[in-house]
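Student: I'd like to go through this fold with you, residue by residue. Can we take the inside first?

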Amino acid sequence: GATGIGASVVEHFCAQGSKVTFVDIAEDAGNALVDRIATDGFAVPTFVPGDLTDVERLGAVIAEVGDKQGPVGVLVNNAGNDDRHLTPDVDRAYWDDRIAVNLRHQFFAAQAVYPQMKAAGGGSIVNFGSISWKDGEGNCPVYLASKAAVTGMSRGLAREFGPYNIRVNIVVPGWVMTERQLALWVTPEGEEEIDRRQCLKPRLMPEHIAKMVLFLGADDSAMCTKQEFIVDAGWV
């Protein structure tokens, strides 16, 4: 929640007056985001520094939020890492780490929030996928595997949690122009690919994804579950 798409999601929920708690390993960036939102006059979020691969700590944070602020109504599982890698270079440790960063925390966060949402009579879980696996992108096979798994996991959770009015959906972003993407991979050749692949030519920005997350968190999407919501300007 401290940078990129996650920061935009936090900002948009705070602008709605929501009670927001977010977790991120980037402590300086998280504190800076809280200060910026406070300066803008929106509802001030709570920032908890932490590594989401520590799923026991993540579960404890979710329980603490429920105890202090009431049952969690919306869970957004946004964190991930799309570092490039090739199959010959992947060892078991790298595989396990990528799965932990991109998939495992989403399941255990959903597991932790489930009793709160069930007791409250419902809720919304928004997991993050990626168009990369649908498009068969190269140079990151473990990332693609984990993001494809997010879809299967989410559909299963939606079926399991549905009787308790808990919705589970997947937001599937395209190539979003975050600071990280701009710094690492948006080259002149990348710009040409965007122009070629996107039906809509304006660049995809974090706020475009955040607004979809807002929709899925709100009663406006009350009968939407087990679905992928692609926000990619028509890439796939």
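Below, a student asks about cores, rings and two strand residues, and a tutor answers.

Tutor: Quick ground rules: this is a predicted model, where local features need pLDDT of at least 70, side-chain atom pairs count only at pLDDT 80 or more, and totals for chains, interfaces and linings use all residues. Residues are numbered from 1 along each chain as its sequence is written, and side-chain values use heavy atoms, with hydrogens and water left out.

Student: Which helix supplies the largest share of the largest nonpolar core?

Tutor: A nonpolar core here is a set of buried Ala, Val, Leu, Ile, Met, Phe, Trp, Tyr and Cys residues joined through side-chain atoms within 4.5 Å. Buried means under 20% relative accessible area, exposed over 50%, and partly exposed in between (1.4 Å probe, protein chains only). The largest such core has 34 residues, with Val113, Met117, Ile125, Phe161 and Trp175 making the most contacts inside it. At least two residues each come from α3 (55-69), α4 (92-120), α6 (141-161) and β5 (166-173), and the largest share, 7 residues, belongs to α4.

Student: How are those helices and strands assigned, and how many residues are in the second core?

Tutor: They're DSSP runs numbered from the N terminus: helices are H or I with at least four residues, strands are E with at least two. The second core is separate and includes Ile5, Phe128, Leu204 and Val213; its residue count is 26.

Student: How many degrees lie between the planes of Phe22 and Phe47?

Tutor: Rings of Phe, Tyr and Trp (its six-membered ring) pair if their centres lie within 6.5 Å; planes under 30 degrees apart are stacked, over 60 edge-to-face, and the rest tilted. The structure holds 6 aromatic pairs. Phe22 sits in strand β1 (residues 21-24) and Phe47 in strand β2 (residues 46-49), so their pair ties together parts 25 residues apart in sequence. This pair is stacked, at 4.9 Å centre to centre and an angle of 25 degrees.

Student: And what kind of pair do Trp175 and Trp235 form?

Tutor: Trp175 is in the loop between β5 and α7 (179-184) and Trp235 in the segment after β6 (228-231), 60 residues apart. Both Trp175 and Trp235 are buried. With 6.2 Å centre to centre and 75 degrees between the planes, the pair is edge-to-face.

Student: Which residue lies over the face of Tyr164?

Tutor: Tyr164 forms one aromatic cluster with Tyr114 and Phe161. A charge sits over a ring if NZ of Lys or CZ of Arg is within 6 Å of the ring centre and within 35 degrees of the ring normal. At 4.4 Å from the ring centre, the residue over Tyr164 is Lys118.

Student: Is Cys140 buried or exposed, and how many disulfides are there?

Tutor: Cys140 counts as buried because its relative accessibility is 5%, while Cys224, at 21%, counts as partly exposed. A disulfide is a pair of cysteine sulfur atoms within 2.5 Å. By that rule the number of disulfides is 0.

Student: Which backbone oxygen does the side chain of Ser124 reach?

Tutor: Ser124 is in strand β4, and it's buried, with a relative accessible area of 1%. Its contacts (heavy atoms within 4.5 Å) include Met117, Arg167 and Leu216. At 2.7 Å, the Ser124 side chain reaches the backbone oxygen of Leu216.

How values were computed: A polar contact is a pair of N or O atoms within 3.5 Å; within protein, one must be able to donate a hydrogen and the other to accept it, and residues adjacent in sequence count only if both atoms are side-chain atoms. Lists of a residue's contacts leave out its neighbours within four places in sequence.
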